[in-house]
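Me: I am new to this structure and would like a close look at a single part of it. Please choose one part, describe it in a connected account, and then say how it compares with what lies elsewhere in the chain.

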Amino acid sequence: MATVRDVQKIIHRYARHVRAPRFSLMSLREYIPSFVRRYQEDHPELELLLGPESQGLLLGHLEQLEQAGVIELTRDPASLLPSSIYYSAFYTAEIQRWYTRMNDDRTLSFPAEEDIPVAIPSHIVQTVAVAENLMHWIESEGEEPGQILRLRFPDGINPLITTVRSLREQMLPLVLAKIRDYLRSDNAASFMETKLRAIFRNREMLVRDEIETAQIRPNEALQSILKPNDFQFHFWTQMSSMIIKEYAQKGEKLDREHAFCQAAYLLGYYVVHHKTRIQKDLQREEARKVLRKHLQKPPYVFELHDLYMLTDDRGVLLTKKIARSDIETWIEEMLKRPSEQDISELVSIDTPEKKGLILHSAQYVPLLLRLVQSATPVLRRSLTHRMLSELQNDQSEDWHKDDAAFEFELLEQVRQEFPLLYGLASFKTLFLVVDGQELPHHEKTSAMAMIDRSKHSLRSWSSILGITREEVYRDARIQLPFWMVIPVLGSIIRLFRAMFSSTDHRKRQKETNQKKKAPPRPSSGRGRKQHFQAHIAELQSRYLSPGQTPQERLDQLRQSWNPLIDPRAHENLVQDVNTLCRDVLRRRRYDRSLQPPTPEHIKDLAEKIAASSSFERIKRRKELETYLELYMLTLLGKV
């Protein structure tokens, strides 16, 4: 079957036949039979272009060529069928043919416009001053490869015609061929060796070897330009300069001398281009090593924008040496898994607060184990303190007695207080990391202990952390007053406390009036949640200036009540305050009752937290209490 490529060959041959890129579709169809008869012995599939379905086949291939940008079709307004064809690659193809011929016939010079067998319209030719803009056209990947260029040289050297594709893909071997012709002419090689020896003193043998390579070993000469060492770079640049100087002042140059000068100019730019490219590659490789090194150092877990701020050993930003797109490309490559069974060099993890965090797989297990070790005592103390508080208030919660409820509470505690640990705890990632790496024995044993192979999942959080409901309950009961532990005595004391306790009548009346004025709460779960969030938003607005967000106001308050200069101490104090806030709110069970707090209640909680002995060193109490009130409302707004 005739292919799109076959049709393109026919179009090209016909355009050359009529010596023009634009022609009618009818004339092309009239030309096809003669073309097919000429080549049907070697290409019998072309006969389909003469069959009963030839018209539909030809139109289908023309539309594909139009979509590929090879041709432009003009359609009849009435029938919408193609009426004429513009073969946009016609002139480019003719130039390419000349350069292809130069590979076989070394006597050919670089083409001028008059050498091309068809007249090229001036409006499609871009004039380039070699001494000013040639590097742009060699290096830029954004330029159209089919763009036709007219290269103008200094010193009266003839211009040449080429394309961007030829400049990048065909020109350099042809340039070296002209340099080889120069060295073989008259006594040019001896003259050049004498001149270069004076420049490269004590390296005379290297000069001779490079000249010999340029004369008889074209492939080696090409590689010495594509990947030059320092000597080869200076050797080629000096040679190109000397050839240009030799003919620059000559008024009437022979055609071959014009070709030598054209080649010398082009050679100098190609050598600089490839040397620069190698230096950039080395710089990029060095930056990649620095990036890998940083990824295995604290804080171990990064967001993508964190990587833009990394520096080398001298404190220079990596983005000063390489583009951000390079960093993004490397990260994408390192995140790709080689196979379903292998772990990638980097792993991506999600926490409740952030998505797409980046962690080096070699640091995954050590970091996970360190977090488990550091979180365990904190969570045990927090749960014990919380259970103690509830027992003291005669609150009997499900998680005090039920293991499943306790497991849920522990999971929520991990999610809120140790979000990174929560995000790292992934069965699939942990299994692949352990299975695909050589880990120290103690790390592998500890990591495997977290996996339940029978269920293809991680073990429960109580198992991973070594925190059981019985232990927490026992530790909480030990801290209760003795009379609360003795059932009979506890009942008597509670009875007396109930008999003699009194409530502020005015406060109770005020709360009753507020309830009467408040609109009825929605009965559905979704409606209750919307009502709760709307109430919290209204309370938040009392703390904000017009156009200000809660986070902006919190940042202002934090700087006001926490003037510590040391950034680590500053952040630690903020975390302590925030953690206590979360703990206090968690006990109030707002997420379950969805009963909005009153402004007075929030203020009362803030005063109690601020009065904690842990925060005695904070002098600006008013700012701290305001911060606590807004922070608690911000947490409640996420319920």
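Reply: Two strands are taken to pair if DSSP finds at least two bridges between them. The model is predicted, and its chain has a mean pLDDT of 86, with 93% of the residues at 70 or more. Over residues 502-506, however, the pLDDT is below 50, and this stretch has one contact in the model beyond near neighbours in sequence. Where pLDDT is low, predicted coordinates should not be read in detail.

The part chosen here is the hairpin of E2 and E3, together with its surroundings. Strand E2 covers residues 71-75 and strand E3 covers residues 82-87; five bridges join them, and the pairing is antiparallel. Such pairing, in any sheet, rests on backbone hydrogen bonds. Across the hairpin, Leu73 stands opposite Ile85 in E3, and Thr74 faces Ser84. Six residues lie between the strands, and in this hairpin Leu80 adopts a positive phi near 65°.

The hairpin belongs to an open sheet of three strands, ordered E1-E3-E2, with antiparallel pairing. Strand E1 (22-24) and E2 are the edge strands: each has a single partner strand, so one side of each is left without a neighbour in the sheet. On average, and with direction ignored, neighbouring strands here are turned by 25° against each other.

Helices complete the picture of this part. Helix H3, residues 54-67, lies across E2 and E3 and runs at about 120° to E2. H3 also has a helical neighbour, H2 (residues 25-39); the axes of the two come within 13 Å and cross at roughly 120°. Angles of 65 to 115 degrees count as roughly perpendicular and those over 145 as roughly antiparallel; H2 and H3 are therefore oblique to each other. Their crossing is right-handed. On the H2 side, the residues that meet H3 are Leu25, Arg29 and Ile32, and their counterparts in H3 are Gln55, Leu58, Leu59 and Leu62. By class, this contact comprises five nonpolar residues, one polar and one charged.

Another sheet offers a point of comparison. Its three strands form an open sheet in the order E4-E5-E6, and here the pairing is mixed. Strands E4 (125-129) and E6 (160-163) occupy the edges with a single partner strand each, so one side of each has no neighbour in the sheet. The average turn between neighbouring strands in this sheet is 35°, direction ignored. E4 runs parallel to strand E5 (residues 148-152), to which five bridges join it; Thr127 has Arg150 in E5 as its bridge partner. Helix H4 (residues 90-104) packs on this sheet, touching E5 and E6, and its direction makes about 110° with that of E6.

A further helix pair may be set beside H2 and H3. The axes of H7 (residues 171-184) and H12 (residues 255-295) come within 9 Å and cross at roughly 130°, and these two helices are therefore oblique to each other. H7 passes H12 in a left-handed crossing. Among the H7 residues that meet H12 are Met171, Leu172 and Val175, and the H12 side includes Ala259, Phe260 and Tyr270. The contact as a whole has 13 nonpolar residues, one polar and two charged.

Definitions and conventions:
Residues numbered from 1 in each chain as written. Predicted model: local features only at pLDDT ≥ 70, side-chain atom pairs only at ≥ 80, totals over all residues. Heavy atoms only, no water. pLDDT = per-residue confidence, 0-100. Contact = heavy atoms within 4.5 Å. Helix = DSSP H or I, 4+ residues; strand = E, 2+ residues; numbered from the N terminus. Axes fitted to C-alpha atoms, helices over the stretch in contact; angles between N-to-C directions. Parallel < 35°, antiparallel > 145°, perpendicular 65-115°, else oblique. Left-handed = near helix turned anticlockwise from the far one by under 90°. Nonpolar A, V, L, I, M, F, W, Y, C, P; charged D, E, K, R; others polar.
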